[in-house]
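Trainee: I've just opened this one and don't know my way around yet. Could you walk me through it?

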Amino acid sequence: MSAQNNSKVALVTGATRGIGFETVRQLAGQGVHVLLAGRDRAKAVEAALKLQSEGLQVEAIALDVTRPDSIAAAAQEVERKHGKLDILVNNAGVLRDDMQRKPSEQSLDTWRETFDTNVFGVVATTQAFLPLLKRAPAARIVNLSSILGSIAANADPASPIYDFKIPAYNVSKSAVNAWTVQLAHELKDTAIKVNAVHPGSVKTDMNAHGDLEVADGARTSVRMALLDERGPSGGFVHFEDTLPW
Ligand code: NDP
């Protein structure tokens, strides 16, 4: 399936469920041709079929952000079929911490597993797709962060998240924020915009206690994916608000 003439092409990682799946739905609803990426091809196909049955222009693609061969194959497939990429949403993420353990007690395996997906996965996927993003007239990169990654909020006793320490997860999202700033700086003289988003506390498999439904949880990613040229780059946003780093 190739994109219809002039439609933007977007790729959303970790889109088989949760916020990623809904982000695909909303972007496709705006006329974007969306590649729904999942580490398990069968699951991605099943999710894409569901959205196709709603009349949306969605295509499944296999992409495990922790596997360089999978990332390279996905980038080659997008190049072959579309020749460019307008929007990359780095949405795939994991929360592996043992909530009973303090930062000093969390196992190194947990830190590694978390960073593999949440940090190295974002860097590797972005590096692989950057040549295709540079071929689009004004590409957008959206990195799923979290207010839990805000060092300012973590360090502020007055912040509602001050006592909410999920060690490896929070620090992985701090790294995503720092990466966002670095990449935005690298691309500041181009038309590409890079932003980190906090989707809110969203009810998904990752967060059973979320207070937002996915329809609202996907809104910030979609807004930053469709940002016009007046929008920010190198920002950290939630809905219309800018968050502290
Ligand atoms: P879910 O746990 O519901 O979904 C996570 C998605 O990531 C799944 O599709 C999963 O695929 C995919 N995934 C995990 N590992 C990989 C991998 N190696 N390669 C490709 N895909 C992978 O999470 P949410 O929808 O809640 O979260 C989406 C993003 O938003 C994450 O980055 C999360 O950290 C962030 N976020 C979420 C918040 C919330 O309240 N829910 C708050 C702040 C940030 P599979 O189905 O194969 O397991």
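**Finding our way around**

Mentor: Sure, and keep in mind that this is a predicted model. Over residues 8-235 the chain is 45% helix and 13% strand, with the end C-alpha atoms 23 Å apart.

Trainee: Which domain does UniProt list for residues 8-235?

Mentor: That stretch comes with a label in the UniProt record, from an unreviewed entry. The name given there for residues 8-235 is "domain: Ketoreductase".

Trainee: What is the mean pLDDT of the chain?

Mentor: Let's take the scores together. The model has ipTM 0.99 and pTM 0.98. In the chain, 98% of the residues reach a pLDDT of 70 or more, and the mean is 97.

Trainee: Now the ligand. Which helix gives the largest share of the shell around it?

Mentor: There are 31 residues around the ligand, with Gly-14, Gly-18, Ala-92, Gly-93 and Thr-204 the closest. Two elements give two or more residues to that shell: helix 1 (18-29) and helix 4 (108-134). The largest share is three residues, and it comes from helix 1.

Trainee: How many residues in that shell are polar?

Mentor: Sort the shell by class, and remember that Gly counts as polar here. Eight residues are nonpolar and six are charged. The polar ones number 17.

Trainee: Let's go to helix 4. Is Asp-116 buried, exposed or partly exposed?

Mentor: Asp-116 sits in helix 4. A residue is buried with 20 or more other C-beta atoms within 10 Å of its own, and exposed with 12 or fewer. Asp-116 has 17, so it falls in between and is partly exposed.

Trainee: Which residue lies 50 residues from Asp-116 in sequence but 6.0 Å from it in space?

Mentor: Set aside the neighbours within four places in sequence, and Asp-116 is in contact with two residues, Thr-66 and Gly-121. The one that is 50 residues away in sequence, yet 6.0 Å away C-alpha to C-alpha, is Thr-66.

Trainee: And the strands: do strand 6 and strand 7 run parallel or antiparallel?

Mentor: Strand 6 (residues 193-197) and strand 7 (residues 235-238) are joined by three bridges. In one of the pairings, Val-197 has Val-237 of strand 7 as its partner. The two strands run parallel.

Trainee: Which residue in the turn between strand 7 and strand 8 has a positive phi?

Mentor: Strand 7 and strand 8 (residues 241-242) run antiparallel, joined by two bridges, and Val-237 has Thr-242 as its partner in strand 8. They form a hairpin with two residues between them. The turn residue with a positive phi, about 50°, is Phe-239.

Conventions: Residues are numbered from 1 along each chain as its sequence is written. This is a predicted model: local features need pLDDT of at least 70, side-chain atom pairs count only at pLDDT 80 or more; totals for chains, interfaces and linings use all residues. A residue is near a molecule or strand if its C-beta atom, placed from the backbone, lies within 6 Å of it. Helices (H or I, at least four residues) and strands (E, at least two) are DSSP runs, numbered from the N terminus. Two strands pair if DSSP finds at least two bridges between them. pLDDT is the predictor's confidence in each residue, from 0 to 100. UniProt positions are given in the numbering used here, feature names are shortened, and annotations may be inferred rather than shown by experiment. Two residues are in contact if their C-beta atoms, placed from the backbone, lie within 7 Å.
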